[in-house]
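Grab a pencil and get the model up on your screen. Here are a few short exercises, each with a worked solution.

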Amino acid sequence: MEHYNMNLTLKVWRQKNKDAQGHFETYPVPGISSEMSFLEMFDVLNERLINEGKEPIAFDHDCREGICGACSMHINGRAHGPWSGTTTCQLHMRAFKDGDTVTVEPWRAGSFPVVKDLTVDRGAFDRIIAAGGYVSVNTGNAQDANNILVPKDKADQAFAAAACIGCGACVAACKNSSAMLFVSAKVSQLALLPQGHPEQKSRALNMIAQMDAEGFGSCTNTGACEAECPKEISLTNIARLNREYIAAGFTYEK
């Protein structure tokens, strides 16, 4: 693969806090390697801003391996940028061309208020998980791996749902700022396994109630969430969540 350097122009959203008026600032970024990740490019820009005595750009990051779900940038109108099935930290600069202008924004959703610049507060997801995203377990010695039999197809579906990293791209991509793909993945990964059955009914009811309380929008099945999800979580999980919710509404007794 050919290595080359490029000169870019960045238009970056700057905002001091959730109450401040935000605006775009333009930064020339010369000499960027095609093999850098998108976040490494921001590291280069921030180092330059610091050396110039200016405020660096705040952005979320942690593992930089596509696992933690911390990185969250809207790049040229797409959550996580132009590559499908890719987080911002895995996006490499070879996705862009020399002379490109790249517009970078935070997630745009009322339930994800801006903390600063490109950093948003995704605590709403944590509160949804706390409402029901858990199982009742014996905290003593671990049971033998084969003690509870799980059909292979169910295990595979649960594993695929559990791949959700909670980054919020589904919310950012949705015209309604719906969190249904996130909630459905967290419900599905437990509902498909025997260990998730004790709280199965209350889980669906409580997590959706918390989702609504956080101000997320409704799902209208446009599919933007699945298209932009870096882990390619399937819309079939939303169908499963709807079934879980309806069934629980008829049969759950407190």
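The exercises below go from the whole chain to single residues.

This is a predicted model, where local features need pLDDT of at least 70, side-chain atom pairs count only at pLDDT 80 or more, and totals for chains, interfaces and linings use all residues. Residues are numbered from 1 along each chain as its sequence is written, and side-chain values use heavy atoms, leaving out hydrogens and water.

**Exercise 1.** Work out what share of the protein's residues is buried.

Solution. Start with the cut-offs: buried is under 20% relative accessible area, exposed is over 50%, and partly exposed sits in between (1.4 Å probe, protein chains only). Next, take the chain, which has 254 residues. Buried ones make up 44% of them. For the outer dimensions, the C-alpha trace spans about 60 × 40 × 35 Å along its principal axes.

**Exercise 2.** Decide whether Phe-250 is buried or exposed.

Solution. First, look up its relative accessible area, which is 74%. That value is over the 50% cut-off, so Phe-250 counts as exposed.

**Exercise 3.** Now do the same for Gln-90: buried, partly exposed or exposed?

Solution. Find the residue in the loop between β4 (78-79) and β5 (101-105); strands here are DSSP runs (E, at least two residues), numbered from the N terminus. Its relative accessible area is 30%, so Gln-90 is partly exposed.

**Exercise 4.** How far apart are Gln-90 and Cys-164, in sequence and in space?

Solution. Count along the chain and you get 74 residues. Then go C-alpha to C-alpha, which gives 16 Å.
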